[in-house]
Amino acid sequence: MRIRLDHHSGEPIWRQIVEQVKYGVASAALEPGAQLPSIRALAAELGINPRTVVKAYEELDHMGLVVMRQGQGVFVADRRPDVTASARRRLIADLGRRLLAEGARLGADADEVIKIVSEVADEMERQHD
């Protein structure tokens with residue numbers, strides 16, 4: 001999986017890394033047990049401060065999506081974290097608000113964003129079949 005940064009998005013770099021790894025896990029591009037790049041390697045590849053990568057990896061570890069093993073590296077966790085239905089709804093609603101705000105910033109209205117999300121969901125379902 002390749003991480004791509006948008007330095008003009010207004011979203012912090014560490015958050016962009018977190019979101020892309022989360023997507024990689026959700027889309028099965030990153031399978032359980034897969035090793036992520038080392039902190040130094042990813043920082044060098046992206047041209048960013050290693051502390052930014054540490055912050056992203058620590059956040060992913062806190063979410064239960066990765067496991068950090070001292071001296072070995074960072075690995076995708078074997079299972080998804082347990083989330084209650086109400087917590088899942090709250091988290092997805094937050095993502096929806098952020099997505100709609102970013103869409104508005106790009107000049108898209110809510111209907112266009114929803115249409116695109118639906119198309120992406122259909123595409124992801126076809127990839128899993």
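The following exchange examines how terms are applied to this predicted model.

Residues are numbered from 1 along each chain as its sequence is written, and side-chain values use heavy atoms, with hydrogens and water left out. In this predicted model, local features need pLDDT of at least 70 and side-chain atom pairs count only at pLDDT 80 or more, while totals for chains, interfaces and linings use all residues.

Me: What makes up the secondary structure of the chain?
Reply: The chain has 5 helices and 2 strands, where helices (H or I, at least four residues) and strands (E, at least two) are DSSP runs numbered from the N terminus. Their order along the sequence is α-α-α-β-β-α-α. The C-alpha trace spans about 50 × 30 × 30 Å along its principal axes.

Me: Why are H2 and H3 called oblique to each other?
Reply: The axes of H2 (residues 39–46) and H3 (residues 50–63) cross at roughly 120 degrees and come within 8 Å. Such axes are lines fitted to C-alpha atoms, for helices over the stretch in contact, with angles from 0 to 180 degrees between N-to-C directions. Angles under 35 degrees count as roughly parallel, over 145 as roughly antiparallel, 65 to 115 as roughly perpendicular and the rest as oblique. H2 and H3 are therefore oblique.

Me: Which residues bring H2 and H3 into contact, and what is their character?
Reply: Ile39, Leu42 and Ala43 of H2 meet Pro50, Val53, Val54 and Tyr57 of H3, contact meaning heavy atoms within 4.5 Å. These residues divide into 7 nonpolar, no polar and no charged; Ala, Val, Leu, Ile, Met, Phe, Trp, Tyr, Cys and Pro count as nonpolar, Asp, Glu, Lys and Arg as charged, and the others, Gly among them, as polar.

Me: How do you know that E1 and E2 pair?
Reply: Two strands pair if DSSP finds at least two bridges between them. Here 4 bridges join E1 (residues 66–69) to E2 (residues 73–76), and the strands run antiparallel. Val67 has Phe75 in E2 as its bridge partner. The two strands form a hairpin with 3 residues between them, and Gly71 in the turn has a positive phi of about 80 degrees.

Me: Why is Gln16 called buried?
Reply: Buried means under 20% relative accessible area, exposed over 50%, and partly exposed in between (1.4 Å probe, protein chains only). Gln16 has a relative accessible area of 5% and is therefore buried. Gln16 lies in H1 (residues 13–26). Leaving aside neighbours within four places in sequence, Gln16 is in contact with Arg4, Leu5, Asp6, Ser9 and Glu11. Across the chain, buried residues make up 26% of the 129 residues.
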